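This briefing introduces a structure to a reader who has not met it before. Please view the sequence and the model together, and then consult the points below.

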Amino acid sequence: MQVMDAINARQGRGAIRLGSDHEGGGWVMRQRLLSPSYTTSWQELPQARC
């Protein structure tokens with residue numbers, strides 16, 4: 001916590017915070033990246049490449 005306090009003092013309040021710290025909004029899906037046929041088109045399914 002002392003390291004976090006030091007970084008926030010130097011970089012500005014909220015520069016870093018705990019992952020469990022939620023400031024209001026929460027998670028929102030990026031709808032603009034969603035395919036219009038995401039449940040029906042096999043060609044538009046995401047593919048993992050190794």
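The protein chain exposes about 5,300 Å², and carbon and sulfur atoms supply 54% of that area. The model is a predicted one. Two residues, Asn8 and Glu44, are then described in turn.

**The chain as a whole**
- The protein chain has one helix and zero strands.
- The chain comprises 50 residues, of which 8% count as buried.

**Asn8**
- Asn8 has its place in helix α1, which covers residues 2–11.
- The relative accessibility of Asn8 is 17%, and this residue therefore counts as buried, the cut-off for buried being under 20%.
- A polar atom of the Asn8 side chain lies 3.0 Å from the backbone nitrogen of Ile16.
- When neighbours within four places in sequence are left aside, the residues in contact with Asn8 are Arg13, Gly14, Ala15 and Ile16.
- Ile16 thus appears both in the list of contacts of Asn8 and as the residue whose backbone nitrogen lies 3.0 Å from a polar side-chain atom of Asn8.

**Glu44**
- Glu44 is located in the segment that comes after α1.
- Is Glu44 buried, partly exposed or exposed? Glu44 counts as partly exposed because its relative accessibility is 43%, and partly exposed covers values between the 20% and 50% cut-offs.
- Glu44 and Leu34 are ten residues apart along the chain, and their C-alpha atoms are separated by 9.9 Å.

Terms used:
Residues numbered from 1 in each chain as written. Predicted model: local features only at pLDDT ≥ 70, side-chain atom pairs only at ≥ 80, totals over all residues. Heavy atoms only, no water. Helix = DSSP H or I, 4+ residues; strand = E, 2+ residues; numbered from the N terminus. Buried < 20%, exposed > 50% of the residue type's maximum accessible area, 1.4 Å probe, protein only. Polar contact = N/O pair within 3.5 Å; in protein donor to acceptor, adjacent residues only side chain to side chain. Contact = heavy atoms within 4.5 Å. Areas by Shrake-Rupley, 256 points an atom, 1.4 Å probe, with all protein chains shown as cover.
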